[in-house]
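The following note sets out numbered comments for a colleague who is reading the coordinates alongside the text. Each point takes up one region or one type of contact.

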Amino acid sequence: MKKLQNKYSFFFIVAFMLWLKTYLVYEFAFNIEPENKMEGFILLLNPISSVLLFLGFALFASPKYRNRVLLVINFIGSFILFANVVYYREFTDFITIPLLFQTNNMGELGNSIAELVSGFDFLLFFDVLILAVYLFVRKTKVYAVKKKEIAIVFASAIALFAINVGLAETERPQLLTRTFDREMLIKYIGTYNYHVYDAVLQSKAKAQRAFADGSEIVDIENYVKANHIEPNPEMFGKAEGKNIILVSLESTQSFVVNEEIDGKEITPFLNDLIDESYYFPNFYHQTAQGKTSDSEFILENSLYGLPSGAVFFTHSGNEYNASPEIYSENGYYNAVFHANNKSFWNRDVMYDALKYDKFYDINDFTVTPDNSIGWGLKDEYFFDQSIKYLETLPEPYYAKYITLTNHFPFSLEAEDEYIPEWTSEDGTVNRFFTTVRYQDEAVKKFFERMKEEGLYEDSIFVMFGDHYGISQNHNKAMGEFLGKEITPFETTELQKVPLVIHIPGQEGKVMEQVSGQIDLKPTIMHLLGIDTKDMIKFGNDLFAEEQDNFTILRDGSFITEDHLYTNNVCYDKETGEETDKADCEPYMEKAKTDLAYSDKIVYGDLLRFLGKHDDQTPETENN
Ligand code: GP9
Ligand code: MN
């Protein structure tokens, strides 16, 4: 017995430390409060099975190396915790495998990471260090382990895992089959098992493409065509042949529009422009982990991004029928301007799949320490330096601009502060207002340049916020700014981003309907006079006379004219109060079907089958 104790004491010390750290992270770093005793018990239990399983592998090592292997596994486990803690701090979400492979992005994110890491996070490695020193100084005795003992360790790990999953399944039926919530997965099966689960999901996606066949697209095609809404004849072709200037406004949420800080407007230029534009105050971003890239994907495909990872990374090999390709067929030249590394979000690869003609990336701009901050070239210089390229593009063209200065951590030099920082306790929120204000000035100067160069009149301008900039991590300051408590209802409402469509010479009009990024493609197409009735799309023309007033967010939440549904709760939009679930019921099926069909297209790469089943499609062109 004594020998057995000696043999395993190091194993159990490491196991205990890893379990304890994981539990402490649940308790203090993640906001996953157990809602009842059973959930509390599951939370306590869930790291044990994976800890035993992982450490169990060290028992196969020769006695000489076993303790070192145990430490290496402890280090890897601690690193997984560390990465999740840092990521969670900003995004209130957990890392998924595709994100880890975005090493290019990780390098670029250096700036943000430095801001997010707290000294305490390194305590997660403290025991690894102490134990390593201990091993070095005091040579521990090593013993051979018997096969039977190894079997017992693995059998206990599996038994504990089975108990864990059994309890999870009783508490939250279908959690593992539907994957509706990453947070719940962490809560119920634990961080480590979640990562294994995620890996399985990702491999499944790979297999799905291999097994998908052409017949699946037929149902989807029929479904989307049945949802097609006819364009408004007054607006159809209104911008035919004009250049399209699209500006993706980094991290810009609607709550800054027509608002002031200390009596100073946050977006004075946008506020004025709205008076001569179509403005959509109830327009939502629909992005998930792919952030800017998701917004680009939704904009140009009228398909949803993926529930986890960035489709720009995971499915850049797919066949699409994106806006640039369609514009090309209509005589347009397609260019995109973004002063960042071309490989960020895998853009260089994905833009080929979307059929861009030209990507002006960081190498096409002159970036110096003087004209850059945070993520790179400041927006004013970015727009300014782009004009010389714009002038050389064959007309008509589609030019997409992606701004950068208003990006977390919202750094700005004093000389660029057009309004002072706000004064709450939350530095991120305080600075956000100043960088939004800076971006607004940059857009204003861009418009002035466009006018000076004679490029304004022949263009239409579409500007929209790509995704939220202020995460739930900042609810306290946001509550202070809005003067109300940030409930799940308000959090969903905060996903509104501005959409401004400006056609030179027009009068202003506020378009109140509920809408989302998914609607951009058909809306712009119809303005150009391009018919979309035969396209696979999940959005609708925002100028159509008939409006569905319905938008689905990527997490399955949805918003209708009168209701908002999120986290399984139906809210009355007027009061912001919980209401009878039956009020939301009629839309639930459609929300699920749209997301599921869109995902099916992406996972199965189904658009590659389009045009290859003419005999099966009910509608064929009558010529
Ligand atoms: C990076 C820029 C910002 O090139 O688009 O990306 P984000 O972090 O907002 O997705
Ligand atoms: Mn962005």
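**Comments on the predicted model**

1. Phe 136 is found in helix 7, which spans residues 126–137. The model is a predicted one, and this should be kept in mind for each point below. Phe 136 counts as exposed, because its relative accessibility is 66%, where the cut-off for that class is over 50%. Phe 136 also contributes to a nonpolar surface patch of about 920 Å². The other members of this patch are Phe 120, Leu 123, Phe 126, Leu 129, Ile 130, Val 133 and Val 137.

2. Which protein atoms hold the manganese ion (ligand 2)? The donors are Glu 250, which supplies two OE atoms, Thr 292 through OG1, Asp 466 through OD and His 467 through NE2. These atoms lie 2.0 to 2.4 Å from the ion. Along the chain, the donors follow the spacing E-x41-T-x173-D-H. Thr 292 belongs to helix 14 (residues 291–301), whereas Asp 466 sits in the loop between strand 11 (459–465) and helix 20 (475–482), so this pair ties together parts that are 174 residues apart in sequence. Thr 292 and Asp 466 are both buried.

3. The geometry of the manganese site deserves a separate remark. There are six donor atoms around the ion, and the angles among them run from 55 to 169°. The site is classed as irregular, because six donors count as octahedral only if opposite donors are over 155 degrees apart and all others lie between 65 and 115.

4. Strand 11 also takes part in an open sheet of eight strands, whose order is 7-6-10-1-11-12-4-13 and whose pairing is mixed. The edges are formed by strand 7 (358–360) and strand 13 (509–510); each has a single partner strand, so one side of each is left without a neighbour in the sheet. Within the sheet, strand 11 pairs with strand 12 (residues 499–502) in the antiparallel sense over four bridges. Val 462 has Ile 501 of strand 12 as its bridge partner.

5. Strands 16, 17 and 18 may be read together. Strand 16 (residues 558–559) pairs with strand 17 in the antiparallel sense over two bridges, and the two form a hairpin with three residues between them. Here the bridge partner of Ile 559 is Leu 564. Strand 17 is joined to strand 18 (residues 569–572) by four bridges, again antiparallel, with Tyr 565 bridged to Cys 570. This hairpin has two residues between its strands, and Asn 567 takes a positive phi near 50°.

6. In a regular strand the side chains alternate between the two faces of the sheet. Strand 17 (residues 563–566) shows this arrangement: His 563 and Tyr 565 point one way, while Leu 564 and Thr 566 point the other way. All four of these residues are buried.

7. Helix 10 (residues 182–189) is mostly covered, with seven of its eight residues buried. The buried residues are Arg 182, Met 184, Leu 185, Ile 186, Lys 187, Tyr 188 and Ile 189. Gly 190 follows the helix and has a positive phi, near 95°. Lys 187 is also part of a network of salt bridges that links it with Glu 35, Glu 39 and Arg 172.

8. The structure holds 28 salt bridges. In one of them, Glu 413 and Lys 378 meet at 2.9 Å, N to O. The pair links distant parts of the chain, 35 residues apart: Glu 413 is in the loop between strand 10 (397–402) and helix 19 (427–452), and Lys 378 is in the loop between strand 9 (376–377) and helix 18 (379–390). Glu 413 counts as partly exposed, at 28% relative accessibility, whereas Lys 378 counts as buried, at 1%.

9. Helix 19 takes part in two further salt bridges to be noted here. Arg 449 and Asp 384 meet at 2.5 Å, N to O. Arg 449 lies in helix 19 and Asp 384 in helix 18, so the pair ties together parts that are 65 residues apart in sequence. Both are partly exposed, Arg 449 at 22% relative accessibility and Asp 384 at 37%. Lys 444 forms a salt bridge with Glu 441, the closest N and O atoms being 3.9 Å apart. Lys 444 and Glu 441 both lie in helix 19, three residues apart, about one turn of the helix. Lys 444 counts as partly exposed at 30%, whereas Glu 441 counts as buried at 10%.

Terms used
Residues numbered from 1 in each chain as written. Chains lettered and ligands numbered in written order. Predicted model: local features only at pLDDT ≥ 70, side-chain atom pairs only at ≥ 80, totals over all residues. Heavy atoms only, no water. Donors = N, O, S within 2.8 Å, 3.2 Å for Na, K, Ca; no water. Tetrahedral: all angles 85-135°; square planar, octahedral: opposite > 155°, others 65-115°. Buried < 20%, exposed > 50% of the residue type's maximum accessible area, 1.4 Å probe, protein only. Pairing = 2+ DSSP bridges. Patch = residues over 30% accessible without salt bridge, like charges linked within 9 Å, V, L, I, M, F, W, Y side chains within 5 Å. Areas by Shrake-Rupley, 256 points an atom, 1.4 Å probe, with all protein chains shown as cover. Salt bridge = Lys/Arg side-chain N within 4 Å of Asp/Glu carboxyl O.
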